[in-house]
Amino acid sequence: MTYDCVIVGAGPAGMSAAIELANAGARVLVLDRAPRAGGQIFRSAANSPLSDSGALGTDYTAGSKLIERFEASNAEHLSEADVWHVGEDGTVLYTQDGIPRTVQTREILLCPGAMERPMPIPGWTLPGVMTAGAAQVMLKSDAMVAERAIFAGSGPLLYLIVAQYLRLGVKVAALVDTTPRRNYLTSLPKVPGALRSWPMMFKGLGMMREIASSGIPVFKGASNLRVLGQDMATGLEFGCREQQRVMSNHVFLHHGVIPHSNISRSLGLSHIWNAAQHCWQVQTDAWGQSSVPHVSVAGDGAGIIGADAAQSAGRLTALNILKRLGRLTPAERDRKASEDHAVLAKMAPFRAFIDQLYGPSKCLCLPQQADTIVCRCEERRLQDLKEGFEQGARDPNALKSLTRCGMGPCQGRQCGPIVSSLLADWRQEPEAQVGYYRLRSPQRLLSLEELSRFQSRPRGGAE
Amino acid sequence: MNADVLIIGGGIQGCSTAYHLARSGASVIVLEKDYIARHASGVNAGGVRLLGRDLAEMPLSKASMEMWQLLDDILEEDTGFRQKSVINIAVDEVDIATLKARDKKMQALGHSHERMIDQAELREILPHVHASCVGGAVSDMDGYALPYQATNAFRRAARRFGARFIEGQALNHLRQIGPVWIARTQDKTYEASTVVNCAGAWADQVAMQIGDNVPLSHAAPMLMITARLPHFTGPVVGAVSRQLSFKQFENGTVLIGGGAKGFADRANNTTRLDYAKLARAAKTAIEFFPIMRSASINRMWAGLEAYMPDNLPVISPAANADNAFHAFGFSAHGFQMGPIVGKVMADLVLTGKSDFDLSAFRIDRYDRKTL
Ligand SMILES: Cc1cc2nc3c(=O)[nH]c(=O)nc-3n(C[C@H](O)[C@H](O)[C@H](O)COP(=O)(O)OP(=O)(O)OC[C@H]3O[C@@H](n4cnc5c(N)ncnc54)[C@H](O)[C@@H]3O)c2cc1C
Ligand SMILES: Cc1cc2nc3c(=O)[nH]c(=O)nc-3n(C[C@H](O)[C@H](O)[C@H](O)COP(=O)(O)OP(=O)(O)OC[C@H]3O[C@@H](n4cnc5c(N)ncnc54)[C@H](O)[C@@H]3O)c2cc1C
């Protein structure tokens with residue numbers, strides 16, 4: 001016996017899809033490596049270690065409602081189940097309690113969410129530097145915070161985390177905002193459309209006001225960032241009218257999120273370059289169906305849309321899967337989908353505005369100095385890659401084979417987007433032409449002993 | 001575009017052939033459908049070994065081994081070659097008997113590069129090997145190189161002698177009109193008086209266009225590599241009767257092979273892994289070397305390799321056409337042979353002969369006169 005659908009990821013997208021599928025009677029299994037359902041936004045929302053989780057915002061606490069509905073549904077959920085291979089043949093391999101196991105499924109739904117866009121400024125790999133999202137994970141999961149940290153970059157998530165810090169009474173050394181000043185102008189034409197989602201606009205503006213009135217130093221239009229320090233971060237240097245320095249042992253970087261595409265890449269699904277969001281994303285139709293018909297992708301993992309839209313996208317994708325399973329007629333699917341399609345359409349202009357306003361600047365996406373590290377694992381610097389390119393490695397995979405950039409333990413999950421855009425820059429061709437690393441399973445390091453314990457008989461297979 | 005010689009396939013055989021031809025003054029074009037060293041030649045285990053070779057291959061393999069020792073200097077490039085002894089471990093008396101029988105044959109033929117070792121010496125060379133292993137065979141001349149780098153070393157050296165490498169162009173159509181071979185790709189045409197088929201796992205398709213049928217098959221041997229580990233073994237390790245093969249590189253990573261095969265999807269240019277088999281390979285590695293238990297696997301992959309029924313390559317003039325030659329079907333041990341194969345092919349193309357007896361490698365060795 002096999003599952004009708006296995007979902008990877010119990011965030012807003014995965015949970016919403018699972019509820020829809022389970023309510024229609026499909027046999028669903030949701031796998032997530034986290035101890036509780038919730039995904040990035042609602043991480044630990046149902047069991048927060050914080051005494052006052054209200055400080056994280058109403059969005060956060062609202063998450064527990066969705067989690068409750070998910071947990072009450074008939075969808076099976078395995079927590080701490082880390083998926084490390086998804087095969088086109090419907091095999092999903094994951095490890096739980098140190099033992100790799102396999103499940104078989106007719107339909108696969110990937111809801112792996114987003115990751116933060118790498119920000120390869122000089123010194124970005126020094127101890128003490130991390131992504132703002134990682135700082136937020138520590139806050140949500142372990143109630144850990146860093147006093148007097150510098151937050152640098154741009155985008156709503158960065159401001160949200162700063163606001164969450166401030167509400168908890170944690171001192172912040174500075175917010176170094178890299179949003180180029182001209183973006184405020186170029187995004188103006190998109191404001192009227194965005195106002196259709198006025199509650200979101202309102203929330204965003206409120207957050208900005210909260211930060212401004214807190215009195216922390218805010219540097220707008222900052223450029224030429226460099227983390228100071230030899231063996232660990234001691235501060236951040238940047239230009240903002242004049243050369244500025246803020247000292248701190250904690251530097252949190254963030255300039256937007258991009259879809260997590262490791263699984264979709266390893267599966268060999270088609271990907272496209274999204275110029276507006278300046279990132280790669282898996283190619284899907286309006287129902288989240290990928291280039292392999294029985295594999296669908298929903299939520300931020302299919303293209304950045306945010307948590308609210310992720311829930312709609314999850315439900316829509318589930319409806320289409322139900323159609324594919326023969327549980328809904330096309331007409332029933334379309335009827336049930338109309339509301340969520342409308343929600344997504346309504347949110348699109350707001351997303352377009354955010355994309356325009358906080359579009360990442362090229363000089364933060366691409367390393368600017370010869371000795372800036374691109375690949376942390378193998379310590380490959382910009383100059384090493386340039387040399388490889390000049391020796392004739394024009395393809396990301398050829399460059400990887402030649403320079404070992406992307407061959408270390410993270411398998412290019414961090415440097416992939418950088419390398420692709422660097423080659424695009426050097427070749428003077430669009431990213432779509434340049435392509436991306438060929439990624440392979442496993443999705444993470446696997447110990448030899450763990451692999452040797454692999455149980456090749458599928459879960460539920462004996463029935 | 002015109003050349004004296006058109007080589008189909010930019011793996012190590014194609015690149016080495018291009019190098020030897022270009023060095024002798026021939027004008028050469030190499031046509032590669034993907035990029036140089038994209039397939040077996042760039043993703044193999046890098047083993048440069050004589051140990052355990054089929055006796056028919058021994059003269060070629062030995063000559064190649066001598067070239068490997070000097071290759072970096074000859075090519076003025078870095079192939080990553082390191083001399084390292086290779087050990088085949090015996091787990092029981094049956095294995096010892098197998099090794100003894102081979103030893104006898106080798107001595108009769110005057111080959112002296114392999115020697116048998118007993119349990120004590122095995123333990124001395126491999127302190128971490130499981131206590132139950134009883135002995136083995138060693139070849140001290142062997143070693144390894146970095147596949148992608150070595151193949152590209154031939155490419156760059158060849159280019160210095162004027163060879164042209166065309167990447168991203170697949171040969172779609174090939175025919176001989178009078179003295180000229182005309183090769184068509186998706187959007188270009190090439191002309192040459194001689195063609196050399198070095199098309200690896202696709203070589204039967206090219207052979208057919210030349211006029212030769214050949215029982216070539218293809219498969220996808222799998223490998224896995226660990227994250228860096230403290231140094232625990234110098235030699236390259238294999239086993240007589242078990243699927244085990246691994247080596248630790250200078251950077252500490254350990255490459256584990258052993259011959260387990262995944263799924264080869266030649267038409268789509270890709271492979272799929274068989275995790276159950278990889279799990280068995282992991283188990284075997286731990287059984288022999290318990291110290292590997294906690295090693296982290298970083299990457300697993302497979303490469304498309306061409307196999308002949310007798311596991312011997314085709315190194316041969318075409319049977320049914322003039323001015324056409326083949327070098328393919330290396331059956332998972334052709335990386336080591338790359339340097340000499342290029343030399344042999346250049347000799348065949350330029351003089352029609354070779355210093356080596358190539359009768360075991362004829363393309364028509366499976367043709368039957370009668371049904
Ligand atoms: C670090 C970070 C923090 C964020 N914080 C916020 C926030 O506070 N507020 C906000 O509005 N938006 C936040 N976002 C944006 C957020 O990603 C989306 O708005 C929303 O969570 C997307 O929902 P989703 O279901 O698509 O993915 P997610 O919510 O990200 O859920 C994906 C789930 O998949 C699981 N998963 C992924 N790969 C595997 C695997 N191989 N095996 C097992 N499980 C796997 C993850 O554990 C995760 O639970 C954050 C994004 C990031 C990257
Ligand atoms: C996983 C693995 C491990 C191995 N380990 C070892 C080892 O340790 N030691 C050892 O000696 N050997 C090893 N081998 C074997 C070795 O890699 C091969 O025998 C050798 O690389 C073959 O070289 P080649 O040039 O014939 O083939 P390839 O490297 O496959 O090159 C053939 C090329 O031809 C191109 N081509 C095909 N058709 C066309 C067309 N129509 N038009 C244009 N181009 C075309 C292909 O794209 C390909 O790049 C291993 C092989 C594998 C897969």
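## Where chain A meets chain B

Put chain A and chain B together and they bury about 2,700 Å² between them, with 56% of it on carbon and sulfur atoms. Buried area here is the accessible area (1.4 Å probe) that two parts lose on being put together, summed over both. On the chain A side, R440(A), L448(A) and L451(A) lose the most area to chain B, together 25% of what that side buries. Keep in mind that this is a predicted model, where local features need pLDDT of at least 70, side-chain atom pairs count only at pLDDT 80 or more, and totals for chains, interfaces and linings use all residues. Residues are numbered from 1 along each chain as its sequence is written, and side-chain values use heavy atoms, with hydrogens and water left out.

**Who touches whom**
- In contact (heavy atoms within 4.5 Å) are 30 residues of chain A and 32 residues of chain B.

**Charged and polar links**
- The rule for salt bridges (a side-chain nitrogen of Lys or Arg within 4 Å of a carboxyl oxygen of Asp or Glu) finds three across this interface.
- R272(B) forms a salt bridge with D89(A), and their closest N and O atoms are 3.7 Å apart.
- The side of chain A that touches chain B is made up of 12 nonpolar, 10 polar (Gly counts here) and eight charged (Asp, Glu, Lys and Arg) residues.

**Strands across the boundary**
- β22(A) and strand β20 (residues 296-302) of chain B run antiparallel and are joined by two bridges; DSSP strands have at least two residues, and pairing takes at least two bridges.
- Within β20(B), I297(B) is the bridge partner of L446(A).

How values were computed: Chains are lettered from A and ligands numbered from 1 in the order in which they are written. Helices (H or I, at least four residues) and strands (E, at least two) are DSSP runs, numbered from the N terminus.
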